[in-house]
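Here is my note on the structure shown below, set out as numbered points for someone who has not seen it before.

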Amino acid sequence: MSRVVVAGSKNVISPVVEKLHELRMLHIVNYNGSQPQFEMGKPIGKAKEYSEDLIKLRSVTRYLELNKKFPDKAYPESQVLSEMDNLLNNVGADVTVTYERIVAIDAEVKSKQDQIKVLTPLAVLPLPLESYYGYDSLATFVGTAATPVDADVARVSPVNEVYSGSAKNATFVAVFVPADKAGEVSSVLSEHGFSEISVPRLEGNVDSAIATLESSIKSLEGEKVPLQKKLADMKKQYEDLMLATDEYLSMQTRKTEAPLRFAETANAFVIDGYVPADQFGRLKSELESAAGGKLEVSLIADNEADELAEKGEDIPTQMDNPSLVKPYELVTRMFAIPEYKEFDPSLLIFVFFPIMFGMILGDIGYGVMAFLTMVLLKKKFKTPGWQQLINVVQISSVWAVIFGIFFGEIFGPLGLWGKVMGHLHEHELEAVKEAGLYFGEGVFGSLGRIGFWPGIDIFPLDRLASNAVLLLIGTSIIIGIIHCSVGSILGIKTELAYGEKKHAYFEKLPVMLIQVFFGLLVLGLVMGQMMLVIASAIVILVAMVMLVMGPEGPMGLAHLPFYVSNLISYLRLLAIGLASVGLAFAANQLAFYVVMPMLSGGATDSAEFTIPAIIAGLVVLLAVHFINFLLGILSPFMHPLRLHYVEMFTKFYSNHGGGVEYSPFGHVRRFLKA
Amino acid sequence: MAVVADAGSLYGLLAVGAGLATGLAGIGAGMGEQGIGAAVVGVVAEEPGFLGKGLFLMLLPETLIIFGLAVSLILMFAWTPFSGIVTP
């Protein structure tokens, strides 16, 4: 990145902004108003009109419930411009009126439904609705009461009319008394747990009033249906055009408001920014020709730029990876953008993440299914973020298939693999078990079993066998040591790039030594090589002394358990894999050895299974495998992610606070043709 | 006090111990994660960019369960204090 300053006459600010927007090269550093000789810039052109139009459009798109989507077709700017007026005023007004009518209908229906709710219980009282209101000298009380009220009302007001009836476990009363007794009657009623209901001002008897309300609700609903269809039609017709117009207006607003980020004097403007070093020449010539010479683009020397960075200016980072690694930038970005001088870990994630995913899932059946599912999802979700995520899983599922071949698993161990590729004969199996070298019973067809050492044939490895578990424990820890050490080496490199020698050699280096030699120490113990154990212990002690001499002093030792636990944490590569294999195994056993025989009345031979038993067994089989498949995508994704974020990134990444992504001024057109 | 010398029940006790190690560690990790998870969801609702760091914080206590699992694995596969009497 090169730090540049663009300074020019205010006369040419519009063409310059236009050009910058088109080039999408300059990452603008906002002017913070700190220098007295410069002011903040002011918007140019029709900024206010554009933003008003945008607000108008956004309210219409909200009524139509338009969401951001992948564009079906792109519009030329001229078409958007010519149709904008019609879209904003005529179509917009039409949509607004229709939408508001629907809202009004909903409100009216709601109020009528409330009235029906109040009226229904009143049917138990023998009064027409008009007799509940419209009196000058009478007070009316209508509501529910817990106990009979007649006697007490008669006591305070000898002249009275009381009607009562009960419905739905409540007693409804209507009390009519002279207006001057209203206060006393009200307090008497409250003693009886009276709660008032407000009777709607309608006429006729209750049932016919309810019937009228219901029919008017029906006609309102009937009116709503074509209106909703109209909105849906309009949405279909104008969706893309509206999104294109939204894009056009947002672009215009951004352009006209861009000077707010510049510094200005009475006659000139200054833009600070960063541009990728190799593109400076192009930026300079393009801008100068756009401004007709009334502009100066100058490069700031590196040492001055470093000073600015030290004062707190963020140098933007542009992640630059080969296209195969690109999807993994998503994983990096989710944690933090690398700082300008930091190593971009996307490449490492590309190397380690799919292997870890594959090692955990490790099943040909699930791998192929995951791959196909992702192919389907790819058609459905077309935004770049989703595409990247899907690519990540797709590459990983290829590794799952590869590991599936090593583990001899097709939808779980033993079952299908044995049918397709064959397995060891009884007597061979006995011999292997006798020798304590049982690593599984599958074979690679006519190749038989394959191994590293003569006599110990490891592959296909049955992960549920105890020998295999021990082997995988070792493998997981070794992967952990390699993974963490790569992290530590990068940590040393990063610290050196920042000129922090003490942090590099007395904080990161000893940690790496401790990790590697802790692994060797355990290996020595397992193999019984005391020389290796002693040598490793000595190196670890030296590393601990180095830590004490480091920047944190003796407190540095307090982190030791963290680093050791980091290594143990890699056991999850084995553990989650085992859980997945276990579930797949259980699914197969449950279906073929429990459900099917049981429902066939204890038959042991598959030829004797009844049809219903086979169907029930298949349902169980599919259900459990489906659950396992979902888990089998989720956890092999989350856990390697964690191994990267927690175990690896803490060694080198983002210790200096994360960076800012290079986002050049400009716009990627989606609905508009350039 | 009765002395348990039956190989089968000793092996059974080992298995129970292994189960407890993983199970209790799981409960502990879950309790740790619940608070962090709630807080992370809150922060992510305000600022989606925090998702990665939030995930990082949320997954920290997960290591606990792996410790429990490591103990279980050692109990079941690598540790044979009763090797003289126990033949699983």
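**Contacts, cores and one helix**

1. In this predicted model, 16 residues of chain A are in contact with 15 residues of chain B, contact meaning that C-beta atoms placed from the backbone lie within 7 Å. The elements of chain A that give two or more residues to this side are α9 (329-335), α15 (466-497), α18 (560-568), α19 and α20 (611-652), and α15(A) gives the most, with 4 residues. Helices here are DSSP runs of H or I of at least four residues, numbered from the N terminus.

2. Residues are numbered from 1 along each chain as its sequence is written, and chains are lettered from A in the order in which they are written. Local features need pLDDT of at least 70 and side-chain atom pairs count only at pLDDT 80 or more, whereas totals for chains, interfaces and linings use all residues.

3. The largest nonpolar core, a set of buried Ala, Val, Leu, Ile, Met, Phe, Trp, Tyr and Cys residues joined through C-beta atoms within 7 Å, has 75 residues, of which A:F353, A:M356, A:F357 and A:L571 touch the most other members. Buried means that 20 or more other C-beta atoms lie within 10 Å of a residue's own. Helix α10 (residues 346-361) of chain A supplies the largest share of this core, 10 residues.

4. Leaving aside residues up to four places away in sequence, A:L571 touches A:I473, A:S476, B:I66, B:L69 and B:A70.

5. Helix α19 of chain A (residues 572-599) bends by about 35° at A:L590, the bend being the angle between axes fitted to the seven residues ending there and the seven starting there. After α19(A) comes A:G601, whose phi is positive, near 75°.

Key: Two residues are in contact if their C-beta atoms, placed from the backbone, lie within 7 Å. A residue is buried if 20 or more other C-beta atoms lie within 10 Å of its own, exposed if 12 or fewer, and partly exposed in between; C-beta atoms are placed from the backbone.
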